[in-house]
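Let's take a look at how a few pieces of this fold pack together. Have the chain open on screen and follow along.

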Amino acid sequence: MASLESTPASDAQICQADALKYWNSIPATVNGMLGGFPHVSRIDLRGSSAFFEKLRRLHSSRPPSQLQRGVDCGAGIGRVTAGFLSKVCQVVDIVEPVEKFAREVRRQEMSGEGKVGEVHMIGLQDWIPSEKYDVIWIQWCLGHLTDQELEKYFSRCLPALKPGGWVVVKENVSTDPDGEDIFDEEDSSVTRTDAKFRRLFEMAGLKILKTEVQTGFPKGLYPVKFYALQPE
């Protein structure tokens, strides 16, 4: 008779030591950060800039000048900071657990007038914000946190937002036909469903202001979705 053992939840399989081992084996280049698809970087940065511009027009009474301070969470080598966040923030702090990536951040040529502030070499599951931010930008890194760690992380972000500030999540979304999260053994990460993200946001006390799918990426990749969030 076949075993009826239940399959463990996808996030229960996450091992952050394995994830760090994987990322330490990856070169500190745009090609490395984007998994062999460096040509999507420009499309990605344009999409982020357009989404954030629409968000600011719809949900901010502030003038369209640079924001005072942002943070790039899971920043890698600073690709997003250099190509986008430096254009919208005067100072961008960095959270990145891989030392060789964090060292590269200050070597990046900023496309905007903003500069790199504090560099925190720590995982998001352990990061406790010590500043107040206009925007907390989180991209392609939340899959390394368990659901419980992610809920706690979001809860720590809430008091770190300035009045009217935003948490912006940009992540791959699961296309599993059964509506399940997908575990990737290679880098020990989980690709979550849209429904799971929404549930975790709600549990952490965050409301969705705007959501959108990134366009222009090659076929065969996961859909990538933006979520702009503020405290309930």
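### Packing around one helix and two buried residues

The buried residues of α1 pack against α2 (30-33) and α5 (99-105). This is a predicted model, where local features need pLDDT of at least 70, side-chain atom pairs count only at pLDDT 80 or more, and totals for chains, interfaces and linings use all residues. Residues are numbered from 1 along each chain as its sequence is written, and side-chain values use heavy atoms, leaving out hydrogens and water.

Helices here are DSSP runs of H or I with at least four residues, strands are runs of E with at least two, and both are numbered from the N terminus. Buried means under 20% relative accessible area, exposed over 50%, and partly exposed in between (1.4 Å probe, protein chains only).

So which residues of helix α1 (residues 16-24) are buried? They are Ala-19, Tyr-22 and Trp-23. These sit on the same side of α1, because they cover an arc of only 90 degrees around the axis (the arc is that of the directions from the helix axis to the C-beta atoms). Flip to the other side of α1 and you'll find Ala-17 and Lys-21 exposed.

Two more buried residues are worth a click:

| Residue | Place | Relative accessible area |
|---|---|---|
| Ser-86 | helix α4 (residues 79-88) | 0% |
| Leu-142 | loop between β4 (133-139) and α6 (147-157) | 0% |

Contact means heavy atoms within 4.5 Å. Leaving aside neighbours within four places in sequence, Ser-86 is in contact with residues including Gln-66, Val-92 and Met-110. With residues up to four places away not counted, Leu-142 touches Leu-124, Tyr-153 and Phe-197, among others. The C-alpha atoms of Leu-142 and Val-190 are separated by 8.2 Å, though the two are 48 residues apart along the chain.
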